[in-house]
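Notebook open, coffee poured. I want to go through this one piece by piece and jot down what I look up.

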Amino acid sequence: MGRTKKRLVSVVGLLVAVLFAFPIYWMVTTALKPANQLLSDSYDLVPLGVTFQHFVDGVSKQGFLNSLQNSLIVALAAVAFALVAGLLAAVPLARLRFRGRKGFLLLVLVAQMAPFEALLIPMFLMIRSFDLLNALPGLILVYFAAALPFTAWTLRGFVKGIPVDLEEAAMVDGCGRWAAFRRVTLPLLGPGLVATSVFSFVTAWNEFLYALTFMQDPGNVTLPVWLSSFVSVFGTDWGGAMAASTVFTVPVLVFFLFVQRNLVSGATAGAVKG
Amino acid sequence: MSVTTKAAVPAGTTPPAPRSTVSDGGSGIGRLVRRLFSQRTLPYLLLLPATATILVMLGWPVLSVVLTSFQKLDLGELVSGRVVWNGLANYQSILTDSAFWQDALRTVLFTAACVVCTVGGGLVVALLMKHVHGWVRVVLQLALVLAWAMPILAATTVFQWMFDQNYGILNKTLVELGFTGFHHYSWFQTGLSTMTVIVILITWQGIPFVAFTLYAGVLGVPTDLYEAAGLDGASSWQTFRSVTWTALRPLVNVVTFLSLLWDFKVFTQVWAIRQGGPDGGSQTLPTLQYLKGIATSHFGAAAAVSVIMILALVVLTAQNLRLMLRTEEVD
């Protein structure tokens, strides 16, 4: 490729980058703009003043802290349950030979394809019969079930990636099987545990349909539901809405930048194998 | 995954010291655990929590949605707990309702638009990543990760603000560029333009994953193929068609299929933007299911909508499996 052509392509690339980053830029700058500059007709791509008033307002708005807390509880609990149950299932599926192993593998694989969005009605009826509507445990249960198949499958891959020789060496040195697993395999699983929990956390953090359906009491809603009502209730308070969206985005952004390498290579590894 | 292989042989990890093993063997818990390990039931014990969860929380709902779709289940039946079978009545009333067919058609067109834009755009961005200067690539990738990471509802809220009728930055920019017709233009006036906004939003959210996946595929193409094409005097279009595209096609199939599955089921963005409005103009099957079932308590009818959605998804999945098997045979 010629040098001019490469320069041209690079300019296009920068424009595309601006296109993708702009909504985030716009969210943050709107959140920081003084209120009198928000609803104005002037063309203002760069903020002329900075204020943290919207963050103070947004955070102190009715229900924000409460829904933030609900979101954290629900997402973290679902991740914890999925990790424990997923790891327990991943180890025998990766390491042990037993009757019906293929069947269990197939079950986990098929479960990953469950169309959660289309199971809203039976889930609603089931959670209602458990008497868990409008309570955080009901939502935790659904998010746990949604995260579990992926967690088990991915962790199985990570366990398989750790050479079994390492465990056997520990056992030759006198470790029991459990001790060998706990002292050798488990520490090596660290990156796998982090990657899968981030994925499950982000899924639960984003989930809207079930949270909207189950949580009828305003005190029990999660952040996405709170934010969606915020826009319709406080129609023109865009500064507050953007400040709340920023707070909502930060945890995920931190996680993403933290595990970005894993995410990209993980996604592509799965895709290449098809 | 590369992470695992890297982590698998750290220099510092030596087998544990014998000292701890002695204490382990001595304790009662250690003995109990070891006896469990020697038993044949151990794998099943370990698999029990996951299997039970999957069967109760996924298996039963799949069965239940089918059963419910053959019942009359409105608020009265729900409260009294009576089971009233009504055969195919739910399907009959849905399939003879022209509004349902309108929503179904809208869902199909909406899905197609999202998938074409996401995969096409993702392919272009992946090729851009290959050809730009190194530092531009880093900037581009950072921007994509930012877009990828943004929570769905946060992005939806920001897009509503950007597309705002009176003070939205988009209308202001268009006016600034000379399209004065967009002064105070309402993007949410008609169903079609509301859908357009939602497609733009979903494309923006979906491109990063597709672009990164295809970029990995682009990197995997052996460079000598390009050199050979260059020696043969191929134009850059010919090189793209016969080298890059041929190598990428299986990956393109995979991301197309994944996007199909995701976009067909989208609820969050559609609902959060206008709840299917204006006047049902952006209603899709997922919002219809919510509206019929949860908002107006016709659970049987809503379950029939769910079953129709699931059937469509199953057909899509089967189609994809066939496609994948066929390409594998050819290769």
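Is D279(B) buried or exposed? I counted its surroundings and got 10 other C-beta atoms within 10 Å, so D279(B) is exposed; the cut-off for that class is 12 or fewer. Note to self: this is a predicted model.

**Odd backbone spots, chain B**

I stayed with D279(B) and looked up its backbone. Its phi is near 55°, a positive value in a residue other than glycine. I placed D279(B) in the loop between α14 (268-274) and α15 (285-295) of chain B.

Next I went to S297(B), where phi is near 60°, again positive and again in a residue other than glycine. S297(B) sits in the loop between α15 and α16 (299-330) of chain B. I get 16 other C-beta atoms within 10 Å for S297(B), so I filed it as partly exposed.

I also checked G233(B), which comes just after α12(B) and has a positive phi of about 75°. Helix α12 itself (residues 223-231 of chain B) is hardly covered, with zero buried residues among its nine.

**Chain B overall**

I tallied 16 helices and zero strands in chain B. Of its 331 residues, 40% are buried. For contacts in chain B with a separation of 6 or more, I noted that 69% are between residues 24 or more positions apart.

The domain assignment gives chain B a domain 1 (20-69) and a domain 2 (90-330). Their C-alpha centres lie 39 Å apart. How many residues does each domain of chain B bring to the contact? I find four from domain 1 and seven from domain 2. On the domain 1 side, the residues touching domain 2 of chain B are two nonpolar, two polar and no charged.

I picked out Y44(B), which is in helix α4 (residues 42-69) of chain B. Y44(B) has 15 C-beta neighbours inside 10 Å, so it counts as partly exposed. I then compared positions with Y91(B): the two tyrosines are 47 residues apart along the chain, and their C-alpha atoms are separated by 41 Å.

**Chain A domains**

Over to chain A, which is divided into domain 1 (1-51) and domain 2 (55-273). I have 33 Å between the two centres, taken over C-alpha atoms. Eight residues of domain 1 of chain A are in contact with eight residues of domain 2 of chain A. Which elements give two or more residues to the domain 1 side of that contact? They are α1 (3-32) and α2 (35-38) of chain A. The largest share, four residues, comes from α1(A). I sorted that domain 1 side into six nonpolar residues, one polar and one charged.

**A helix pair in chain A**

Last lookup: helix α4 (residues 64-95) and helix α10 (residues 190-206), both of chain A. Their axes come within 9 Å and cross at roughly 140°. That angle makes α4(A) oblique to α10(A), since over 145 is what counts as roughly antiparallel. The crossing of α4(A) past α10(A) is right-handed.

I listed who makes the contact. From α4(A) I have S71(A), V74(A), A75(A), A78(A), V79(A), A82(A) and L83(A). From α10(A) come L193(A), S197(A), S200(A), F201(A), A204(A) and W205(A). By type, the contact of α4(A) with α10(A) has 10 nonpolar residues, three polar and no charged.

Terms used
Residues numbered from 1 in each chain as written. Chains lettered and ligands numbered in written order. Predicted model: local features only at pLDDT ≥ 70, side-chain atom pairs only at ≥ 80, totals over all residues. Axes fitted to C-alpha atoms, helices over the stretch in contact; angles between N-to-C directions. Parallel < 35°, antiparallel > 145°, perpendicular 65-115°, else oblique. Left-handed = near helix turned anticlockwise from the far one by under 90°. Contact = placed C-beta atoms within 7 Å. Nonpolar A, V, L, I, M, F, W, Y, C, P; charged D, E, K, R; others polar. Domains from an automatic or database assignment. Buried ≥ 20, exposed ≤ 12 C-beta atoms within 10 Å, placed from the backbone.
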